[in-house]
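Colleague: I am just starting out with protein models and would like to study one part of this one slowly. Please keep the explanation friendly and take it step by step.

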Amino acid sequence: MTDLADFPVTKKWPARHPERLQLYSMPTPNGVKVSIMLEEIGLPYEPHLVNFDTNDQASAEFRSLNPYGKIPAIIDPAAPGGEPLPLFESGAILIYLAEKSGQFLPRAPAAHYETLQWLMLQVGAVGPMFGQVGFFHKFAGREYEDKRPRDRYVAEAQRLLRVLEARLASRAWLLGDTYTIADMAVFPWVRNLVGFYGAGELVGIGDFPQVSRALAAFVARPAVARGLTIPRR
């Protein structure tokens, strides 16, 4: 096994347990996807806080792991092939951990790709659209007099919520009775939209009772409750 000291990121965030998977993250919707997954599968890992307040994500050490400068990222010292694997992008990490553990990604081909389909919807649409609602409702965008940008993203968020609502109308989770990485990806963003962003009323969350029902079931999972706070600020 290659010494993790070979990775520049470990200069800024030293590994106290180099035999464990190393997680570099912050408890944002994208960040907690991975901490929740790690808690669900029970894989030993060591979390490191990438602090946005001090712009850690732009540091040379972190960019050596993810040149895009976005969390989360991991180094798995026990990757297939016997060499440590550095990996970024939350969707890719979820797939990797699901395949490594054999959990939360169905093996049957149809269900496997159906899960990836919903995961990609989150990566390509739910996250970006809900994030724009947050910018225009909670952050700097709220000062803009022209509300057309905000209204555009609110309409897109509502369209996505309608898709989720229809999907969940006859299912416990996005894949039916089976809880998967698709749920781990989608529901942190729903939670952020109505919680941290405070946009529940703006998007009319009351019109989406099945989404709210599944969100409540999601946050009630013990592994989710733990993962939502990791890494601790």
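To get my bearings, where is Pro 72 found? After that, please give me a close look at helix α7 and what covers its buried residues.

Modeller: Happy to help! Please keep in mind throughout that this is a predicted model. Pro 72 is found in the loop between α3, which covers 60–63, and β3. Pro 72 is joined to Ile 71 by a cis peptide bond, with omega at about 0°. That is worth a pause, since most peptide bonds are trans. A second cis bond runs from Ile 230 to Pro 231, with omega near -5°, and Pro 231 lies in the segment after α10.

Now to your helix. α7 has 14 residues and reaches 21 Å from its first C-alpha to its last, close to the 20 Å expected at 1.5 Å a residue. It is mostly covered, with 12 of its 14 residues buried. Among the buried ones are Ile 181, Met 184, Phe 187, Trp 189 and Leu 193. Asp 183 is also in the buried set. As for what covers them, the list includes α2, α4, α5, α6, α8 and α9.

Let's take two of these helices in turn. Two packed helices are described by the angle between their axes and the distance between the axes. Start with α2, residues 29–41: its axis and that of α7 come within 9 Å and cross at roughly 135°. The two helices are therefore oblique to each other, and their crossing is right-handed. On the α2 side, the contact is made by Pro 29, Asn 30, Val 32, Lys 33, Ile 36, Met 37 and Glu 40. On the α7 side, you can pick out Ile 181, Met 184, Ala 185, Pro 188, Trp 189 and Asn 192. By class, the residues of this contact divide into nine nonpolar, two polar and two charged. As you scan those numbers, a general point may help: an α-helix has 3.6 residues a turn, so residues three or four places apart point the same way.

Next comes α9. Here α7 packs at an angle of about 110°, with the axes 10 Å apart. That makes α7 roughly perpendicular to α9. From α7, the residues involved are Asp 183, Met 184, Phe 187, Pro 188, Val 190, Arg 191 and Val 194, and they meet Val 211, Ala 214, Leu 215, Phe 218 and Val 219 in α9. This contact has 10 nonpolar residues, no polar ones and two charged ones. Notice that Met 184 and Pro 188 take part in the contact with α2 and also in the contact with α9.

It is worth zooming in on one residue of the helix. Asn 192 is found in α7 and is buried, because its relative accessible area is 11%, below the 20% cut-off. Leaving aside neighbours within four places in sequence, Asn 192 is in contact with Pro 29, Tyr 197 and Gly 198. For contrast, look at Arg 233, in the segment after α10, which counts as exposed at 67% relative accessibility. The C-alpha atoms of Arg 233 and Arg 191 are 19 Å apart, with their positions 42 residues apart along the chain. Beyond its sequence neighbours within four places, Arg 233 touches Met 26, Pro 27 and Leu 49.

Another helix from the covering list is α4. It has 12 residues and reaches 16 Å from its first C-alpha to its last, close to the 16 Å expected at 1.5 Å a residue. Its buried residues include Ile 93, Leu 94, Tyr 96 and Leu 97. The buried residues of α4 pack against β1, α2, β3, β4, α5 and α7. Glu 89 sits in the loop between β4 and α4 and has a positive phi of about 80° although it is not a glycine. After α4 comes Gly 102, whose phi is positive too, near 70°.

Finally, α5 and α6 also help to cover α7. Their own axes come within 9 Å and cross at roughly 150°, so they are roughly antiparallel to each other. In this pair the crossing is left-handed, whereas the crossing of α2 and α7 is right-handed.

Notes
Residues numbered from 1 in each chain as written. Predicted model: local features only at pLDDT ≥ 70, side-chain atom pairs only at ≥ 80, totals over all residues. Heavy atoms only, no water. Axes fitted to C-alpha atoms, helices over the stretch in contact; angles between N-to-C directions. Helix = DSSP H or I, 4+ residues; strand = E, 2+ residues; numbered from the N terminus. Parallel < 35°, antiparallel > 145°, perpendicular 65-115°, else oblique. Left-handed = near helix turned anticlockwise from the far one by under 90°. Contact = heavy atoms within 4.5 Å. Nonpolar A, V, L, I, M, F, W, Y, C, P; charged D, E, K, R; others polar. Expected span 1.5 Å × (residues − 1). Buried < 20%, exposed > 50% of the residue type's maximum accessible area, 1.4 Å probe, protein only.
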